[in-house]
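The following paragraphs lead the reader through a single protein chain, from its strands to its margins. Please keep the sequence and the model in view while reading.

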Amino acid sequence: MTEEHKAKIAGALRGKPKSEDHKAKLRSVIFTEERRRKISEGNKGKKLSEELKKAISERTRGERNPMFGKKHSREVVESARIRSTGVEKSPETLVKMSAVMKDKWTEPDSVFATEGYKKKLSEKAKERFSNPEAREIASEAAKRRWEDPEERKKISEAQKAHSSKPEVRVKRSFDSKERWKTEEFREKMKKAQLRGEEHPFWKGGKTSESMKIRNSTEYKLWRRSVFERDNFTCQFCGSRGGKLCADHIKPFSMFPELRFAIDNGRTLCVECHRKTPTFGWKSSKKYNQE
Ligand SMILES: [Zn+2]
């Protein structure tokens, strides 16, 4: 058979519908178990050349792909996922399992929810959150831990170990795909991006001089002193505790010499702080207008 002859036959057969019987026969002749095994053995460790890859990709693109317009069965998808991740539980199962773990904390007959345990937890939590001083101390301790390179390394390694668990990865990827399906989440991400890169005040993500100062020990001491002098009470609305801000009466950016002056500070709750004319990035602009 000449090459030309072969090409002619192939051309004539291309696109001709084959009966199911014919297809099965072809498969059994061309791909006997034995042959399949041999091909697979022979191909092990071999790399496809760039040309071949391109040729295969071109031959199976779009409508020419045998899977065009079809969907893999649930079983095929599952087995491909197991092969690539090594996790046998489906993402749905992992999501359910995690929900069960969460329920354990709230179900009335769970060990975690026994009256004694709950009472102890709630008392401890109340103690911690009702006392602004204790809250401030706890928050500072957490920050200190984060600033210590050794501690930070420990935290980051524990997180890495957790994130690299195949179960965690499968569940996270599933969760994130599900999240992108909701209009609400997509809107939120769009806005977040606008606040970041596209925002006219974006500085390329570098730590500004003012951020460095705000993270300094001196600044923290100033903040602490302002809170203590004001007895952890908002100077506008009089609410005590909760999330507090130490506000600079004369703006931080315009009066560098007054940054650590206790007299230039006042304790404000978050809502009242938001209402100040110098809140956030509009600081210097607004102050100049007044
Ligand atoms: Zn307030």
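**The strand pair and its surroundings**

β1 and β2 run antiparallel and are joined by five bridges; two strands are taken to pair if DSSP finds at least two bridges between them. The model is a predicted one, in which local features need pLDDT of at least 70, side-chain atom pairs count only at pLDDT 80 or more, and totals for chains, interfaces and linings use all residues. Residues are numbered from 1 along each chain as its sequence is written. Within the pairing, L244 has C269 of β2 as its bridge partner, and D247 stands opposite R266 of β2.

The protein as a whole contains 15 helices and two strands. Helices (H or I, at least four residues) and strands (E, at least two) are DSSP runs, numbered from the N terminus.

How much of β1 is buried? Five of the five residues of β1 are buried, so the strand is largely enclosed by the rest of the structure. Here a residue counts as buried if 20 or more other C-beta atoms lie within 10 Å of its own, as exposed if 12 or fewer do, and as partly exposed in between, with C-beta atoms placed from the backbone. In a regular strand the side chains alternate between the two faces of the sheet. In β1, L244, A246 and H248 lie on one side, C245 and D247 lie on the other, and all are buried, which leaves both faces covered. β2 is likewise mostly covered, with five of its five residues buried: G265, T267 and C269 point one way, while R266 and L268 point the other way.

The strands also contribute to the largest nonpolar core, which has eight residues: V226, C234, L244, C245, A246, L268, C269 and C272. β1 (244–248) and β2 (265–269) each supply at least two residues of this core, and the largest share, three residues, comes from β1. A nonpolar core is a set of buried Ala, Val, Leu, Ile, Met, Phe, Trp, Tyr and Cys residues joined through C-beta atoms within 7 Å. One core member, A246, touches R223, V226, F227, G265 and T267, leaving aside residues up to four places away in sequence; two residues are in contact if their C-beta atoms, placed from the backbone, lie within 7 Å.

The loop between α13 (217–229) and β1 contains N231 and F232. Both have positive phi values although neither is glycine: phi is near 55° for N231 and near 50° for F232. N231 is exposed, with 10 other C-beta atoms within 10 Å, whereas F232 is partly exposed, with 19.

Away from the strands, helix α3 (residues 33–43) is hardly covered, and the count of buried residues among its 11 residues is zero. Just after α3, G45 adopts a positive phi of about 80°. Across the protein, buried residues make up 7% of the 290 residues. Of the contacts with a separation of 6 or more, 59% are between residues 24 or more positions apart.

Confidence is described by pLDDT, the predictor's confidence in each residue, from 0 to 100. The mean for the protein is 78, and 84% of its residues reach 70 or more. Confidence is highest in β2, at 95, and lowest in helix α15 (residues 283–289), at a mean of 46. Over residues 282–290 the pLDDT is below 50, and this stretch has 12 contacts in the model beyond near neighbours in sequence.
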